[in-house]
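Open your viewer and get comfortable. We will take this one selection at a time.

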Amino acid sequence: MSQPRALRQPALLRISSAAFLAFWCLVAAFPIFWITVMSFKAPVDAFDANPFNVIFGPETRARGKGLSTLDILAGLTLFYATWRIAIGPLPRAVREWSPGGQVWIGWIIGALVTGLAFVVVLFGVLPPVMDLLNGIAGPLGRDVIGLTTEHYHTVWIERGFTRNFQNSLLVTTGVVTISLTFGTLAGYGLARSGSSLAFWILIIALIFRALPHAVLVAGYLPVFINSAEILRPILGDAAPTLYGKPAATIAVLVAINQPFTIWMLRSFFQNIPADLDEAARVDGCSHFQAFRRVIMPVMWPGVITTGLFSFLLAYNDFLVTSLLLDAQNQTMVPAIAGMFNMETTTTDQVVAVAAAVSITAPLFLLVMIFQRQIVSGLTAGAVKG
Amino acid sequence: MKFRTFAAFVAPSILMMLLFIAFPLVSVLKQSFYLTQPVYEMVEVETCTPGFLTQTCVTETKAQPQLDEFGKIVTTTTFVGLQSYQNVLEFGRVKAAWAKRSWSEFQTIDFWKALRFTLTFTFITLPLILGMGLGIALVINNATRALRGPVIFLSLLPMIITPVIGALSIRWLFIGDGILTAGLEWWLERDIAMFAQAWTLELMMMFYRVWHVAPFAAIIFYAGLQTVNQDSLESAVIDGASRWQRLRYVIVPHLMPLIVFVTLIHLMDAYRVFEEVVGFSSQAHVISLQWLTYDFLVPDQAGNRSVSRASASAMLTMIGIVILLVPVLRRTWRDHRGGH
């Protein structure tokens, strides 16, 4: 497409625009890239003032932990091969093998199999093979970059991060499922009703969204801690203490999330023409049947997008989970706060860095897979006001 | 849609919000007027240490929390009126500071210190985020189509990263002789300690927040840029408008609703600033309003949580939110009335 001459930009403007873009990309990615690099180094290297020492890790290399040129080449080949499989044969296999209409199950299984194969090759097959090859390759087999996974070992195995991970999984799954169930119902109702009541519900939800979460937690804490006594007259001796229970935290996070969820789902529902439910109603569906059989099947993109944002809220939360869960049921983000508060040595700090990278990795994958949905979700609420 | 069907659809969500948002608000309001304390009793305790010939024994009176038959601490709840608010606001010390006209003494009082930081933080980051967001959106829009996807991918990273982790990742770049501090020291040729005084900490916190929120603004503005009317841009060119004038008089007015939206969201979120204080461990120098409430709620060494003070500070935080939102709500109300 050729642009009109008057709109063409002078060279200086184009160069400075490109420079600003490059600068922004650097600023956006650098801190995350850097903590990833740090997490693989021995403590002395990780906090070195010289950036090259951080990248190449001489101290880590001196301890015999490192990668040779050959290792790096093999690793890159593996990544490239996985990438090719993920964009080529995998989608084809999924389409061929999954039962009709249930493609998403096929995708989940396909992704799991590919991911598992990748991990097995990277950690199980490559190390012994590369050991052998490095021995006979001469200069190419010498270590050039120091790299150690010991901090990940410390975090996941010795510090019991696995349990925190399971707790995070439990809480996020609960929050996403429940807030989507309640949110789709309410979002549909609000989108299809033009009454003043609907308007006021939305405005009150907006006010609720602005509340600092500490305010709400101040309201829950005394009630949750004493809930066994408060509920005893109703439930008898089965009355639970809600403090520290994941179920109570899930309920709280769902409620905090609800205003945002219904606003977003409502704007997605408004995109679906009302003629569609009217046609279903003429054919004899009740409102609920129309919702379930006609509207929901075309709503999946909106539901997935909103689910992503619910997931982010539950996964990223620090305040609510750190105050309402006891040590047993702690999720990952508050657990890391405990790690860097007690840090005394640089080793502890690098362990905390490894934990931080472990928490970020799933988010990174999430953006890779769902980039389009995230962008559409951000703009859905905004563009329509 | 009939009212009954509407109610059936909306009920679960409304119930959730009533139970877990509206009800806690009422209970916080009530708690802020009451004070719950353990009942202490005075007990005489005789402690003996072995000594030569005779033991040395000391008898002293100690205050101990009373226990009931289940071994739980007995508590009483008393109505204290506005006492908790007074404890948070500390008017006595405010008056003393005012008498001396001493800003630094005024800033030693936790609540006012937190309020000062929260407001500065909110209003300094706002223009930075709008500016950065618009800038990034314009350069993404200016880039070749093939580049846009990867750039948006990179831009999303700071936005979706867990706030505490994001703050930590910036902190690790600066802490001790971290590479950025080392770089600054080399450039300015002087010793720098980024974590030793309030203003450098505040600078890092604001940098973090702009890094975290600017992509959000950028993506929304970028979507808005796709719908700019090309005809009005071309007619502006024919009328001899410069590039700057086109930006100022065509593009920005077109983006105005989006700018208002981003401003609203950012005001709400920045007023709740909290994760930065945790991530940078800045509580010795800089605290925010929400952190103050959080700190009252965390059990102290004796295991007590000062719930009534937390409630008072929570209610005071709420007042700020209401003041921030009133202009927006009034506008929405007028639009709604006008729309019908």
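Select the charged side chains of chain A: in this predicted model, the 23 positive and 19 negative charges have mean positions 12 Å apart.

Now show the whole of chain A as a cartoon. You will find 18 helices and 2 strands. Aligned along the principal axes, the C-alpha atoms take up a box of roughly 80 × 70 × 50 Å. Switch on the surface next: the accessible area of chain A is about 19000 Å², and carbon and sulfur atoms account for 69% of that. Of the 385 residues, 48% are buried. If you draw the contacts between residues at least 6 apart in sequence, 75% of them link residues at least 24 apart.

Next stop: helix α13 of chain A, residues 246-271. How does its span compare with what 26 residues should give at 1.5 Å a residue? The expected value is 38 Å, and the end C-alpha atoms lie 36 Å apart, which agrees. Zoom in on Gln258(A), where α13(A) has a kink of about 45°, shortly before the proline Pro259(A). Bring the surroundings back into view, and you can see why α13(A) counts as largely enclosed by the rest of the structure: 21 of its 26 residues are buried.

Finally, move to helix α9, residues 161-192 of chain A, and pick Asn164(A). Is Asn164(A) buried or exposed? With a relative accessible area of 6%, Asn164(A) is buried, because the cut-off for that label is under 20%. To see its partners beyond four places in sequence, select Gln330(A), Thr331(A), Met332(A) and Ala335(A), which are in contact with Asn164(A).

Notes: Residues are numbered from 1 along each chain as its sequence is written. Chains are lettered from A and ligands numbered from 1 in the order in which they are written. Side-chain values use heavy atoms; hydrogens and water are left out. Helices (H or I, at least four residues) and strands (E, at least two) are DSSP runs, numbered from the N terminus. Buried means under 20% relative accessible area, exposed over 50%, partly exposed in between (1.4 Å probe, protein chains only). Contact means heavy atoms within 4.5 Å. Accessible areas come from the Shrake-Rupley method with a 1.4 Å probe; for residues, only the protein chains shown count as cover. Lys and Arg count as positive and Asp and Glu as negative; His and the chain ends are not counted. The place of a charge is taken as NZ of Lys, CZ of Arg, CG of Asp or CD of Glu. The expected span of a helix is 1.5 Å times one less than its number of residues. The bend at a residue is the angle between axes fitted to the seven residues ending there and the seven starting there.
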